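Hi everyone, thanks for making time this morning. Let me put the sequence and the structure up on the screen, and then I'll walk you through a few places in it.

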Amino acid sequence: MASLLESGWQYLITNFSDFQLACLGSFFLHESVFFFSGLPFIFLERAGYLKKYKIQEKNNTPAAQEKCIAKLVMYHFGVNLPVMILSYPVFRYMGMESSLPLPSWKVVLAQILFYFILEDFVFYWGHRILHTKWLYKHVHSVHHEYATPFGLTSEYAHPAEILFLGFATIIGPAITGPHLFTLWLWMVLRVLETVEAHCGYHFPWSISNLFPLYGGADFHDYHHRLLYTKSGNYSSTFTYMDRIFGTDTGYRRLKALKVEAEEGNKKI
């Protein structure tokens, strides 16, 4: 497996420049993972499949879904791609490389774990700031246009928010100067996580059922349903920041009430 991976990587670095891989390659990878993981949830919502796992009964209209896709394409080409291009010199300066050999899995996993922890901390405070009155009204309210989120709404946001919260995602790699392979893996995991958090479905196999501190769709869907001043649940991937600062009390109270109601129904 390792030799096959290195052979594939050798092909990439032989046929494409570092700039092409780091900028255009990263953009293509991001778009592929984002849309292939997010589009199925539009199909599920329209067809009504797996409805029993849907968190909210309300569905988005086809027009609302199409509006989301159109604006995402515009934002991705108008904001994300230029940012990737402009960030290239910074990452090169910080030590990013693409040559063989690929880093060991111990290094890759240690760096990605660091990225998740740091991203959670920075994202929490950035997201909480966006819920102050002025910033919510003029910036963050765009993301909350969809009170019933679906996978692709994860990146539907005001351009200023894309830049502001995007800092949380890139600060870790900017500090460590990782191998491009590590950067790509981090990007894929982060995209899959945020799409799942916005998917609108809580499945029996959802990661949050396996790891108590993992937020997931149920945790983040609660955030979208409430008024901006009372929402809470500001965390990104893991929920420890909300637990520490008590901004998930409403959500935990609701979960406790649901458990009590289910137990009561069983006794009847």
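Let's start at Gln-20, which counts as partly exposed because its relative accessible area is 34%, and the range for that class runs from 20% to 50%. Please keep in mind throughout that this is a predicted model. Gln-20 lies in helix 2. What does Gln-20 touch, once we stop counting residues up to four places away in sequence? The answer is Asn-15 and Gly-25. As for distances, Gln-20 and Ala-110 are 90 residues apart along the chain, and their C-alpha atoms are separated by 27 Å.

Now for a contrast, please find Trp-9. This residue is found in helix 1, which covers residues 2-15. Is Trp-9 buried or exposed? Trp-9 is buried, because its relative accessibility is 4% and the cut-off for buried is under 20%. Leaving aside neighbours within four places in sequence, Trp-9 has contacts with Ser-98, Leu-100 and Leu-102, and also with His-179, Leu-180, Phe-181 and Trp-184. Glu-196, on the other hand, is 187 residues from Trp-9 in sequence, with 28 Å between the two C-alpha atoms.

One of those contacts of Trp-9 is Leu-100, and that takes us to the backbone. Here is a bit of background first. Most residues other than glycine have a negative phi, and most peptide bonds are trans. The bond joining Leu-100 and Pro-101 is cis, with omega at about 5°. Pro-101 has its place in the loop between helix 3 and helix 4, and helix 4 spans 105-130.

There are also two residues to look at for their phi values. Leu-50 has a positive phi, near 55°, and is not a glycine. You'll find Leu-50 in the loop between helix 2, at 18-47, and helix 3. Asn-233 also has a positive phi, about 50°, without being a glycine. Its place is in the loop between helix 8, at 216-225, and helix 9, at 240-245. How do these two sit with respect to the surface? Leu-50 is partly exposed, because its relative accessible area is 36%. Asn-233 is buried, because its relative accessible area is 0%.

Next, let's look at how two helices pack. Helix 3 covers residues 62-93 and helix 6 covers residues 159-176; their axes come within 12 Å and cross at roughly 35°. The crossing of helix 3 past helix 6 is right-handed. Which residues make the contact? From helix 3 we have Tyr-75, Val-79, Asn-80, Val-83 and Phe-91. Across from them, helix 6 brings Pro-159, Ile-162, Leu-163, Ile-170, Pro-173 and Ala-174. Sorted by class, that contact has 10 nonpolar residues, one polar and no charged ones.

Helix 6 also turns up in the pockets, so please stay with me there. The largest pocket has a volume of about 1000 Å³. It is lined by 41 residues, and the closest to its centre are His-30, Glu-155, Ile-162, Gly-166 and Thr-169. You may remember Ile-162 from the contact with helix 3. Which helix gives the largest share of this lining? That is helix 6, with nine residues. At least two residues each come from helix 2, helix 3, helix 4, helix 6, helix 7, at 180-197, and helix 8. By class, the lining of the largest pocket has 21 nonpolar, 16 polar and four charged residues.

The second largest pocket holds about 250 Å³ of space. Its lining has 16 residues, and Pro-212, Tyr-214, Gly-215, Tyr-251 and Lys-255 lie nearest its centre. Helix 8 and helix 10, the latter at 249-267, are the elements that give two or more residues here. Helix 10 gives the largest share, three residues. This lining divides into six nonpolar, five polar and five charged residues.

Let me finish with helix 8, which has a part in the lining of the largest pocket and of the second largest one. How many of the 10 residues in helix 8 are buried? Nine of them are, so to speak of helix 8 as mostly covered is fair. Among the buried ones are Asp-218, Phe-219, His-220, Asp-221 and Tyr-222.

Thanks for listening, everyone!

Notes: Residues numbered from 1 in each chain as written. Predicted model: local features only at pLDDT ≥ 70, side-chain atom pairs only at ≥ 80, totals over all residues. Heavy atoms only, no water. Axes fitted to C-alpha atoms, helices over the stretch in contact; angles between N-to-C directions. Helix = DSSP H or I, 4+ residues; strand = E, 2+ residues; numbered from the N terminus. Left-handed = near helix turned anticlockwise from the far one by under 90°. Contact = heavy atoms within 4.5 Å. Nonpolar A, V, L, I, M, F, W, Y, C, P; charged D, E, K, R; others polar. Buried < 20%, exposed > 50% of the residue type's maximum accessible area, 1.4 Å probe, protein only. 1 Å grid on protein atoms, 1.4 Å probe; cavity = no way out; pocket = protein on both sides within 12 Å on 5 of 7 lines; lining within 4 Å. Points joined across faces, edges and corners; volume = space filled by probe spheres on them.
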